[in-house]
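Colleague: I am new to this one and would love a close look at a single part, the surroundings of the ligand. Could you walk me through them?

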Amino acid sequence: MKARVFSGIQPTGNLHIGNYLGALRNWVKIQYDYESIFCIVDLHAVTVYQTPAELQAKIRETAGLFLAAGIDPKHSAMIVQSAVPAHAELAWMLTCVTPIGWLYRMTQFKAKSEAQETVGDGLLQYPVLMAADILLYQAGIVPVGDDQSQHLELARDIAQRFNSLYGDTFVMPATKLPSVGARVMGLDEPDKKMSKSAPGSGHAIALLDDPAVIRKKIMRATTDSNPAVDFETMGAGVANLLSIFQAFSEWTDDQMKAHFSGLRYGDLKKQVAEMVASSLEPLQQRYREITADPAYLDGILREGAERVTPIANSTVELVKSRMGLYTRA
Ligand code: ATP
Ligand code: MG
């Protein structure tokens, strides 16, 4: 039997090149090597307030982008998290074995709660729900960006704790990071990772941005006080632009050095902008075709949920019986 892959993206805003390079593109690359499940994690999205109508639209947009990027729904199940109630059910059971101190240590909780006036409990519980998403399917491999490494470590800790309390139940999930593009930084603030939910129109390049918008954002990206590329002394902004170029072009380090050393920042930015715009063009074209037929998308999501529900329910039944909860005889 093939190992199972699980990963998800929140429908919290415009998917950006960080989501693509850190996650989505790798899902596409590895999907046929495994039994793959890709999820639009809407229950995660509501850990911070989302305008309801916008959230509904973003769920469909995210599904369209999964397909446009190359997820093959005949092979890989594409699901919306809230369409499979077992995610929330298992999350409760795992909440009960998770020490609260583990959750307060999470970098994402600290960063996201700082930006909130009132911090919802969901923001603290976020990594437990994420552990449930993965463990529910006994997934062995979880392809994510680097910012999720800490949450995955926690998912393993939770699995281990459950297994040691109640007996061997969960497969240990391994983290799979891309070699380049695992952490794309904000164009305006290269010391912060690019995020859908970060403010500022020059922060992220959305997958559906027009070429002109892509150019404008990259031309305005923060660099440093040098005039031209120096691989020894470059700051975070220039390093970020180069790594975006490298991730899309798949050039080697040597090719990058030979081509970009000494290039003035204005020219560097033009070349990065062209690389990004031309790489995204086919995806944008496919997105327009796919979303012309909303019923097609809904059918895929419905079929995905039907396909994975028996796996999810059987894990929940197993966990219930391990914990001594009520199960149908
Ligand atoms: P939000 O700001 O709402 O948290 P996000 O941009 O962080 O949005 P998520 O939906 O939280 O996106 O993450 C989806 C996937 O994209 C995860 O695998 C995550 O590791 C990856 N990812 C997110 N941001 C980046 C980034 N800047 N570089 C590389 N990968 C990223
Ligand atoms: Mg995030």
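Modeller: Happy to! Let's start with one contact: an N or O atom in the side chain of Lys112 lies 2.5 Å from an oxygen atom of ligand 1. Please keep in mind that this is a predicted model. The protein chain has an average pLDDT of 97, and 100% of its residues score at least 70. Lys112 falls within helix 6, which spans residues 107-114 and is where confidence in the chain is lowest, at a mean of 95. Confidence is highest in strand 2, residues 35-40, at 99.

Back to the ligand, where the backbone takes part as well. A backbone N or O atom of Gln10 is 2.9 Å from an oxygen atom of ligand 1, and a polar backbone atom of Gly145 is 2.8 Å from an oxygen atom of the ligand. On its own, ligand 1 has 590 Å² of accessible area, and the protein covers 98% of that.

Now for the wider setting. Ligand 1 sits in the largest pocket. Two elements give two or more residues each to the shell around the ligand: strand 1 (4-9) and helix 1 (17-30). Of these, helix 1 gives the most, with 4 residues.

Finally, let's look at the shell as a whole. Ligand 1 is surrounded by 23 residues. Lys112, where we began, is among the closest, together with Asp147, Lys193, Lys196 and Ser197. By type, the shell divides into 12 polar, 6 nonpolar and 5 charged residues. As you turn the model, try finding Lys112 beside the ligand, then look for Gln10 and Gly145, whose backbone contacts with ligand 1 we went through above.

Note on methods
Residues are numbered from 1 along each chain as its sequence is written. Chains are lettered from A and ligands numbered from 1 in the order in which they are written. This is a predicted model: local features need pLDDT of at least 70, side-chain atom pairs count only at pLDDT 80 or more; totals for chains, interfaces and linings use all residues. Side-chain values use heavy atoms; hydrogens and water are left out. pLDDT is the predictor's confidence in each residue, from 0 to 100. A residue is near a molecule or strand if one of its heavy atoms lies within 4 Å of it. A polar contact is a pair of N or O atoms within 3.5 Å; within protein, one must be able to donate a hydrogen and the other to accept it, and residues adjacent in sequence count only if both atoms are side-chain atoms. Accessible areas come from the Shrake-Rupley method with a 1.4 Å probe; for residues, only the protein chains shown count as cover. On a 1 Å grid over the protein atoms alone, a cavity is a set of points where a 1.4 Å probe fits but cannot get out, and a pocket is an open set with protein on both sides within 12 Å along at least five of seven lines; lining residues have an atom within 4 Å of a point. A molecule sits in a cavity or pocket if more than half of its atoms lie within 2 Å of its grid points. Ala, Val, Leu, Ile, Met, Phe, Trp, Tyr, Cys and Pro count as nonpolar, Asp, Glu, Lys and Arg as charged, and the others, Gly among them, as polar.
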